[in-house]
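Please work through the exercises below with the sequence and the structure at hand, attempting each task before reading its solution.

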Amino acid sequence: MTAEHPVPGADSGSDSGSGPALVGIVLVSHSARVAEAVAELARELAAGGPVAPVAAAGGTAVGGLGTSTERILAAAREVDRGAGVALLADLGSSVLTVKALLLEDELPPGSELLDAPFVEGAVAAVVTASTGAPLTAVAASAADAYTYRKA
């Protein structure tokens with residue numbers, strides 16, 4: 001997804017001029033399909049009230065596997081409502097790309113890379129952000145997803 005072609009329905013939050021200031025969530029993956037699917041899952045599980053703005057930033061500008069700084073920046077700007085932007089990355093270069101954007105101060109003020117599992121952390125972050133919680137609580141909730149035991 002490029003800035004010119006955002007993910008349909010990627011922003012399920014309020015318009016920047018109305019509604020509560022919710023933390024925005026950006027899901028950064030090497031695969032556009034993975035980022036979009038996780039965003040959709042998180043939105044669906046958070047439904048029942050206002051849902052925090054969520055955007056997928058996956059793949060390259062030409063549709064391949066990889067990480068695109070342009071997609072990440074466009075997604076972060078899209079979900080920024082002034083309460084912070086939480087970024088979750090899947091692995092390797094997506095993590096490094098987000099870290100570089102943070103170091104270069106290119107992301108909206110209050111942006112933070114969350115240390116959390118991608119799927120479980122995304123769900124926890126979106127659900128928590130949708131309650132109106134601050135970025136610190138969203139980050140803590142996403143990080144707590146590391147403790148989810150499956151056996």
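**The start of helix α1**

In this predicted model, a side-chain oxygen of Ser31 comes to within 3.3 Å of the backbone nitrogen of Arg33, at the start of α1.

**Exercise 1. Compare the length of α1 with expectation, and work out which residues of α1 are buried and which are exposed.**

Solution. Begin with the length: helix α1 comprises the 15 residues 32-46, which at 1.5 Å a residue should span 21 Å, and since its end C-alpha atoms are 21 Å apart, the model agrees with that expectation. Next, list the residues of α1 that fall under 20% relative accessible area, which are Ala35, Val38, Ala39, Ala42, Arg43 and Ala46. These buried residues cover an arc of only 135° around the axis, which puts them on the same side of α1. On the other side of α1, Arg33, Glu44 and Leu45 are exposed. The last step is to ask what lies over the buried residues of α1, and the cover includes β1 (24-29), β2 (54-58) and α4 (118-130). Just after α1, Gly48 adopts a positive phi of about 125°.

**Exercise 2. Describe how β1 is enclosed and how it pairs with β2 and β3.**

Solution. Start with burial: six of the six residues of β1 are buried, so this strand is largely enclosed by the rest of the structure. Gly24, Val26 and Val28 point one way from β1, while Ile25, Leu27 and Ser29 point the other way, and all are buried. Then turn to the pairing, where five bridges join β1 to β3 in a parallel arrangement, with Leu88 in β3 as the bridge partner of Leu27. The pairing of β1 with β2 is also parallel and extends over five bridges, and here Ser29 has Gly58 in β2 as its bridge partner.

**Exercise 3. Determine how α4 is buried and what covers its buried residues.**

Solution. First, α4 has 13 residues and reaches 18 Å from its first C-alpha to its last, close to the 18 Å expected at 1.5 Å a residue. Second, 10 of those 13 residues are buried, so α4 is largely enclosed by the rest of the structure; among them are Phe118, Val123, Val126 and Thr128. Third, the cover over the buried residues of α4 includes β1, α1, β2, β3 and α5. Just after α4, Gly132 takes a positive phi of about 90°.

**Exercise 4. Identify the residues that touch the most other members of the largest nonpolar core, and find which element supplies its largest share.**

Solution. In soluble globular proteins, nonpolar side chains tend to be buried together. The largest nonpolar core here has 25 residues, of which Ile25, Leu27, Leu88, Leu114 and Val138 touch the most other members. At least two residues of this core come from each of β1, α1, β3 (85-89), α4 and α5 (135-144), and the largest share, six residues, is supplied by α4. Taking Val138 as an example, and leaving aside residues up to four places away in sequence, its contacts include Val23, Ile25, Ala86, Leu114 and Ala125. A second, separate core of 15 residues includes Ala55, Ala57, Val79 and Val98.

**Exercise 5. Decide whether Arg81 is buried or exposed, and locate a polar contact of its side chain.**

Solution. Arg81 is placed in the loop between α2 (69-79) and β3. Its relative accessible area is 13%, and because buried means under 20%, Arg81 counts as buried. A polar atom of the Arg81 side chain lies 2.8 Å from the backbone oxygen of Glu78.

Methods: Residues numbered from 1 in each chain as written. Predicted model: local features only at pLDDT ≥ 70, side-chain atom pairs only at ≥ 80, totals over all residues. Heavy atoms only, no water. Helix = DSSP H or I, 4+ residues; strand = E, 2+ residues; numbered from the N terminus. Expected span 1.5 Å × (residues − 1). Buried < 20%, exposed > 50% of the residue type's maximum accessible area, 1.4 Å probe, protein only. Arc of directions from axis to C-beta. Contact = heavy atoms within 4.5 Å. Polar contact = N/O pair within 3.5 Å; in protein donor to acceptor, adjacent residues only side chain to side chain. Core = buried A, V, L, I, M, F, W, Y, C linked by side-chain atoms within 4.5 Å. Pairing = 2+ DSSP bridges.
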